[in-house]
Amino acid sequence: MTEPASLARSLLEEGRVEVVVGYRPGTLPLRARPHFAFSPEQAAQFIWDRTCTPDLTVYLPRLKGRRVAVFVKGCDARSLVVLLQERQLSREQLVVIGLECPGVVTPDKLPPEQYQALTSATVEGEQVLLRGGSQLERVPVEQLLADPCRTCQHPDPVIQDYLIPTNCGRREREDPYGVVAQFERLEREERWVRLEREVADCIGCYACRQACPLCYCPDCFTDRFQPRWVGPIWSTSDALFFHLARALHLAGRCVDCGACVRACPLGIDLRHVYKRLEQAVKERFGYVPGLDPEAPPVLGTFRPEDPGDFIK
Amino acid sequence: MVPWSAEDGLDLEGYRNTLLPPKEIFFPRWEPMLRYSGWGRNLRWEEVRAPSAGRPAVLFGVRPCDARSLTVLDAVFQDDHPDPYYLQRRRAVVVVVLACTTPGRSCFCADVGGGPADERGADVMAAELEGEIRMWPVTDKGAQLLAETGWEPDPGGRELLEQHMQRTPTPAHGVPAGRYPEALEGRFEDPVWDRLHLPCLGCASCTYLCPTCHCFDVADETSDGGGLRVRGWDSCMFALYTLHASGHNPRPSVKERFRNRFMHKLSYFPKRYGLLACVGCGRCVEHCPVNVDVREVMKELVSDVQS
Ligand code: SF4
Ligand code: SF4
Ligand code: SF4
Ligand code: SF4
């Protein structure tokens, strides 16, 4: 039995929790999926490897008040901390199983035709074996590594009751704001054009919002209609408004788990916008979200010494 | 699907299916219905149609599952309130279906009453066989298109395709077809939903990408002294979909919405129209952010009854 499975099993057997939320193999190559175990038998399916991409803390507000054990990678641990900071959960209801994270792989890094032609794939050490019928190809993990993992500053969970260590090596961290700098080098007009182009294909399915552990509002601004902020026309400007408003609502909260980008069926990627907001909050307020469950949320607090120079 | 011109050439290498289903051609993401201005006795309004409505077109390369989805949509939009927006486009468009000589890994059309060479919903059938595109008409509309464009109808194509298909693995995953309305009878309160819905995030990725999902909302985009009435896609996976003006929501959580998605596809729809509202295209399988796999859900719903 794998380590995650035996740990989950004992938590359920001892009655410490009602449910364990973790990962089990999915039905598509390179896609582990969420698994909810209520009985020790159901715990047998748990796995932990580099295909375990979903941020499972997205399910926790729904399980408010219940005793839950949850598997968290480095970034997921930080979204969990934000949920605790914002009083969406109580620490007492949770058993946190931390996963020392070597970074996860995502099929989004393969050209869609190549991914769709795969019949199975396995990660072996630093190699990914891609099988499509009788074809076999090896690619380095590095090539399929998710963008946030390339720059991740906190791969070890900042909060945990148990820790499952990794035996994979750690990689050099890239500049977390490289993607911001790249965008900011463009002329103002060009930046706008790029933003419009990025969201032009958005169909408004809200998978990005629903996959985000921090988009838990029961009443999203998109669902209000007095006034109605977006729709019923779904033009590029509606899509852009939705995305920029969502980004602002995540300022000082987003932990760069990447769930929103991976969830999008159209491949829309606004990570640079979220990273820019993260950078601004860090520079102005010296605050990094999701590190300390006791810290008050930065935009929910006022300090007389807070910088005000951006109010013109 | 994108507009094509002769200079583009045709490259079918690696083409499995489109990301968005052909429904968007007939039932766009949003479209205007009427424009109004004024108020009370000064109210003025006029009907408006999107420029795309009724424009003649040929859809080339529609897959057999998606062509069959058009028969599902036809049933809805031709029902007791024939829908002029949809039907106008449907009449103006000729559908050329491209048989799936190499079905994809998530396809399960054969499980739900279709098949990779199914001709239902096609005006013209085409297949890439031995490096050549063969085409033959299925409907009069299709025959007319071939006649007008000077294509020789190719009666041997169908037979050649049949031979090819006998050597091709069937896109089936053992999802038991045909038993759904019975299997789901009396299952509304079944505890199986408590478990099945758990991973679902409640987004609309599955329903917006689904070729048969057709829910819409009609709302006004208002501006100074007037507005535009618009119809746009909606999804039963959204909380807002069933929210009453009183604030009550009869489908208060993801569980009820998830149940509705499957009950509608597999029970309510077939009971009303005699067709399953899933054609096995596999889009929702491929694109659900958390890999909720419709094939497994379907198997589980039926196997629960058997055991
Ligand atoms: S906005 Fe995206 S990256 Fe940030 S916390 Fe939400 S899902 Fe994760
Ligand atoms: S998941 Fe993608 S298509 Fe859906 S609303 Fe978000 S950005 Fe738009
Ligand atoms: S089944 Fe998947 S795609 Fe559909 S609503 Fe649930 S999470 Fe979204
Ligand atoms: S339910 Fe899924 S597999 Fe069935 S037709 Fe819709 S998108 Fe395709």
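A residue counts as exposed here when its relative accessible area is over 50%. By that yardstick B:W4 makes the cut, because its relative accessibility comes out at 56%. As for where this tryptophan sits in the predicted model, B:W4 falls in the segment of chain B that comes before α1 (23-26). B:W4 also has company on the surface: together with B:L10, B:V58 and B:F60 it makes up a nonpolar patch. Taken together, those four residues offer about 410 Å² of accessible area.

Now to the place where the two chains meet. The size of an interface is often quoted as the accessible area lost when the parts come together. For chain A and chain B, the buried area works out at about 3200 Å², and carbon and sulfur atoms account for 58% of it. In terms of residues, 36 from chain A are in contact with 39 from chain B.

On the polar side, 16 residue pairs are in polar contact between chain A and chain B, counting pairs with both residues at pLDDT 80 or more. The salt-bridge rule turns up 1 hit across this interface. A:R33 and B:E296 are joined by a salt bridge between their side chains, with an N to O distance of 2.8 Å. Several elements of chain A help build its side of the contact: β1 (19-28), β2 (31-37), α3 (112-116) and α8 (207-211) each put in at least two residues that belong to the side touching chain B. The largest share comes from β2(A), with 4 residues.

Methods: Residues are numbered from 1 along each chain as its sequence is written. Chains are lettered from A and ligands numbered from 1 in the order in which they are written. This is a predicted model: local features need pLDDT of at least 70, side-chain atom pairs count only at pLDDT 80 or more; totals for chains, interfaces and linings use all residues. Side-chain values use heavy atoms; hydrogens and water are left out. Patches are made of residues with over 30% relative accessible area and no salt bridge: like charges are joined within 9 Å, nonpolar side chains (Val, Leu, Ile, Met, Phe, Trp, Tyr) within 5 Å. Accessible areas come from the Shrake-Rupley method with a 1.4 Å probe; for residues, only the protein chains shown count as cover. Buried means under 20% relative accessible area, exposed over 50%, partly exposed in between (1.4 Å probe, protein chains only). Contact means heavy atoms within 4.5 Å. Buried area is the accessible area (1.4 Å probe) that two parts lose on being put together, summed over both. A polar contact is a pair of N or O atoms within 3.5 Å; within protein, one must be able to donate a hydrogen and the other to accept it, and residues adjacent in sequence count only if both atoms are side-chain atoms.
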